[in-house]
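Good morning, colleagues. Please take a moment with the sequence and the model before I turn to two topics, salt bridges and helix packing.

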Amino acid sequence: MDLNTVLDVRDARHREPWRPGDAWLGGGTYLFSEPQPHIRRLVDLSRMGWPPLSWQPDGSLDIAATCTITELSRFARTLPTAAAPLFEQCCRAFLASFKIWNMATVGGNLCNGLPAGPMISLTAALDGSVLLQGQDGATRRLPVTEFITGAGLKVLRDGELLRSVRLPARALECRTAFRQASLYGLGRSGSLVIGAGDPADGSLAITVSAATTRPFRFWFSLPPTAAELRAAIDGTVRPDEWFDDIHGLPAWRRHMALLQAEEIRRELTPEEHR
C-alpha cells in the first residue's frame, strides 16, 4: 500500500531529532499493509548492520530487532539446544508467504504487540527481555511480558527503539511443548500455549498468548497439579484479558488455553508427578 502521507524516508544511521509523525521502519510488512495517516516520516533501520543473531559470553542469545523470520528460522535449524524446535514452530505460526518471511522482522512483530504475534509468544515463553534505546542513547531492559501491556499496546516511549531481544542460556536448554489453535485450518492463532521444562531444577513455565490480550507466563518451582495450573491461570487472567475478535470469542479462547495448558503440563511432567 502506498503511504501517501509520508513525505520523507531517513537513514537511521544518521541520527536526527525525533519529531511528531516519525515511525521506525524495519521490514515494513505491517506499515505498508494498511493506511497510516499519522505518519509523515519513516526512519529506516535496514542499514544499521546489526548482526541478526549473536551469542553472548554467558551463553544467552541476542536477536536483533531487524532479524527477519527467515534468518531466525535458518539459524534455529542448527541451534544446538533443547529449545531449538520451538523457534521453527513459532515461525510457522506466522502462516505467511516466503515474501513476508523474508521481510518481516522479530522486532516489528514485538512492537506491533498483537495477541497472535508468534515472536511475542516465543520470546515470552523463553523468558526473553527486550533492550530499549531512547533518543538520548540511554537504554533499559524489560521482560517481554512487561513490554506488551495489552492488544497492540507496549511501553515504548516517544522515539524509543527496540534494539534486540535476549534469551537466557538456561531457557534455551529447556524442553519445550507447543500448542496452537485456530478457528480455521490456516487461520490466525486463537490460542497459543508454550511450556518450558527446566532440566536444571525441575521447574515448569507455561506461557499463554494469542488467547489473551498480552502474554502471561506462569512459573512453577515444581510441576503443578491440574487444579493448581487451572487456578493460577484463572486467578491471574482477568475476564477482560481474554481476547475478543473475529478469530475467536473470549469463552472459546479461555477453554482452548486451559485445555492446551493441561496437555502441556502432562507432556512435560514426569509420570510419577502427574
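Let me begin with a definition: a residue is called buried under 20% relative accessible area, exposed over 50%, and partly exposed in between. On that scale Asp-245, at 23% relative accessibility, counts as partly exposed. Please bear in mind that this is a predicted model.

The side chain of Asp-245 forms a salt bridge with that of Arg-253, at 2.4 Å from N to O. Arg-253 is buried, with 0% relative accessibility. Elsewhere, salt bridges with shared partners link Asp-8, Arg-10, Glu-16, Arg-19, Asp-22 and Arg-41 into one network. Within it, Arg-19 and Asp-22 pair at 3.9 Å, N to O; Arg-19 is partly exposed at 44%, while Asp-22 is buried at 11%. A further pair joins Arg-238 and Asp-240 at 3.0 Å, N to O. There, Arg-238 is partly exposed at 44% and Asp-240 is exposed at 52%. The structure holds 21 salt bridges.

I turn now to the helices. Why is helix α5, residues 118-125, described as largely enclosed by the rest of the structure? Eight of its eight residues are buried, so the description follows. Among them are Pro-118, Met-119 and Leu-122, and these three meet Leu-86, Phe-87, Cys-90 and Cys-91 of α2. The residues of this contact comprise seven nonpolar, no polar and no charged.

The axes of α2, residues 84-92, and α5 come within 8 Å and cross at roughly 155°. The two helices are therefore roughly antiparallel, and the crossing is right-handed. After α5 comes Asp-127, with a positive phi near 60°.

Conventions
Residues numbered from 1 in each chain as written. Predicted model: local features only at pLDDT ≥ 70, side-chain atom pairs only at ≥ 80, totals over all residues. Heavy atoms only, no water. Buried < 20%, exposed > 50% of the residue type's maximum accessible area, 1.4 Å probe, protein only. Helix = DSSP H or I, 4+ residues; strand = E, 2+ residues; numbered from the N terminus. Axes fitted to C-alpha atoms, helices over the stretch in contact; angles between N-to-C directions. Parallel < 35°, antiparallel > 145°, perpendicular 65-115°, else oblique. Left-handed = near helix turned anticlockwise from the far one by under 90°. Contact = heavy atoms within 4.5 Å. Nonpolar A, V, L, I, M, F, W, Y, C, P; charged D, E, K, R; others polar. Salt bridge = Lys/Arg side-chain N within 4 Å of Asp/Glu carboxyl O.
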